[in-house]
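Morning, everyone. Please have a look at the chain on the screen, and I'll walk you through a few places in it.

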Amino acid sequence: MAHVLVVTFGSLPPEDAMASLPALGLLSHELAAVAADTEVLTESVSADTVVIDAREDLSGARTMCRLFAASGVTIPVLLVVGETALAVVNHEWGISDVILESAGPSEWDCRIRLLTSSRTPNGLIVGGGITIDEGAYSAVLMDRHLDLTYTEFELLKYLVQHPGRVFSREHLLAEVWGYDYFGGTRTVDVHIRRLRAKLGPEYESLIGTVRNVGYRFSAA
């Protein structure tokens with residue numbers, strides 16, 4: 001399940017505008033809607049993908065798309081348009097994909113899954129020079145095998161699967177260690193420190209610290 005942030009334009013409240021895309025609401029993904037303003041970039045740090053709804057304001061949506069592209073944010077951007085707007089959308093918008101407002105639930109789900117997946121066609125998980133093979137339980141950094149414990153491997157895999165997204169210590173604890181783990185969040189810091197040491201000085205910055213929030217994997 002992906003965390004999808006929907007950016008809306010126009011006079012309708014964001015939740016009402018999102019409701020006018022019923023196919024999106026039928027999916028099992030976690031949805032949140034916000035109005036287009038300067039705070040959108042901040043809101044997007046916890047999302048897996050951003051949906052920009054261009055149906056009401058094509059010009060404003062173009063500006064927002066280019067803002068994401070210029071900011072260096074690595075979260076994929078999916079643009080929603082009416083069919084007539086396809087004639088003006090091009091690579092200069094800096095989007096990851098485009099979808100018509102008439103698309104059904106299956107197409108929405110497919111596009112979101114493709115955008116939020118970091119897997120290659122052969123099933124490997126890649127990002128930032130790291131290649132993770134779940135089947136072989138191996139992690140390789142630029143042709144160098146990483147000697148990881150089970151938990152270190154799972155933590156690195158989770159981070160690489162969600163490049164650009166910021167995770168709190170509590171979230172990582174629940175997703176990697178499990179909800180039945182009774183230890184404190186300090187164990188996350190310890191494992192992050194160990195992972196960085198194994199990545200080495202040249203690559204330790206792949207796992208960034210977001211002050212007062214948590215950690216983020218930066219694939220770029």
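First, a definition. Helices and strands here are DSSP runs, numbered from the N terminus; a helix needs at least four residues and a strand at least two. With that, we can place methionine 142: it sits in the loop between strand 8 (138-141) and strand 9 (144-145). Keep in mind that this is a predicted model.

Let's stay in that loop. Methionine 142 has a phi near 50°, which is positive, and the residue is not a glycine. Aspartate 143 lies in the loop between strand 8 and strand 9 too. Its phi is also positive, about 70°, and aspartate 143 is no glycine either. Is aspartate 143 buried or exposed? Its relative accessibility is 78%, so aspartate 143 counts as exposed.

Now the whole chain. How many helices and strands does the chain have? Eight helices and twelve strands. The C-alpha trace spans about 55 × 35 × 30 Å along its principal axes. A compact globule of 220 residues would have a radius of gyration near 17 Å; this chain has 19 Å, so the two agree. Of the 220 residues, 44% count as buried.

What about contacts? Take those in the chain with a separation of 6 or more: 60% of them come from residues 24 or more positions apart. The accessible surface is about 11400 Å², and carbon and sulfur atoms make up 52% of that. On charge, there are 17 positive and 28 negative side chains. The centres of those two sets lie 9 Å apart.

Next, helix 6. How far apart are the end C-alpha atoms of helix 6? They are 17 Å apart. Helix 6 runs over residues 150-161, and at 1.5 Å a residue its twelve residues should span 16 Å, so the model agrees with the expectation. Helix 6 is also mostly covered, with ten of its twelve residues buried. Among them are Phe153, Leu156, Tyr158 and Val160. Charged names are on the buried list as well, including Glu152, Glu154 and Lys157.

Here is a general point to carry along. An α-helix has 3.6 residues a turn, so residues three or four places apart point the same way.

Step past helix 6 and you reach histidine 162, in the loop between helix 6 and strand 10 (166-168). Histidine 162 counts as buried because its relative accessibility is 18%, and the cut-off for buried is under 20%. Which residues does histidine 162 contact, leaving aside neighbours within four places in sequence? Asp48 and Phe167.

On to helix 7, residues 169-177. Its buried residues are Leu172, Leu173, Ala174, Val176 and Trp177. What do the buried residues of helix 7 pack against? Helix 6, strand 10, helix 8 (186-199) and strand 12 (214-217). After helix 7 comes glycine 178, with a positive phi near 100°.

Helix 8 gives us a closer view of that packing. Threonine 187 lies in helix 8. At 15% relative accessibility, threonine 187 counts as buried. Setting aside residues up to four places away in sequence, threonine 187 touches Leu173, Trp177 and Tyr181. Leu173 and Trp177 are on the buried list of helix 7.

Now back towards the start of the chain. Where is phenylalanine 9? In the loop between strand 1 (3-8) and helix 1 (14-19). Phenylalanine 9 counts as buried because its relative accessibility is 12%. Its C-alpha atom is 6.2 Å from that of alanine 35, although the two residues are 26 apart along the chain. Beyond four places in sequence, phenylalanine 9 touches several residues, including Ala36, Ile52, Asp53, Gly60 and Met64.

Last stop, arginine 55. You'll find arginine 55 in the loop between strand 3 (49-53) and helix 4 (58-71). Its relative accessible area is 25%, so arginine 55 is partly exposed. Leaving aside neighbours within four places in sequence, arginine 55 is in contact with Ala17, Ser20, Leu21, Val80 and Glu101. How far is arginine 55 from glycine 128, C-alpha to C-alpha? 35 Å, with their positions 73 residues apart along the chain.

That's my tour. Over to you.

Key:
Residues are numbered from 1 along each chain as its sequence is written. This is a predicted model: local features need pLDDT of at least 70, side-chain atom pairs count only at pLDDT 80 or more; totals for chains, interfaces and linings use all residues. Side-chain values use heavy atoms; hydrogens and water are left out. The expected span of a helix is 1.5 Å times one less than its number of residues. Buried means under 20% relative accessible area, exposed over 50%, partly exposed in between (1.4 Å probe, protein chains only). The radius of gyration is taken over C-alpha atoms; the globule rule is 2.2 Å times the number of residues to the power 0.38. Contact means heavy atoms within 4.5 Å. Accessible areas come from the Shrake-Rupley method with a 1.4 Å probe; for residues, only the protein chains shown count as cover. Lys and Arg count as positive and Asp and Glu as negative; His and the chain ends are not counted. The place of a charge is taken as NZ of Lys, CZ of Arg, CG of Asp or CD of Glu.
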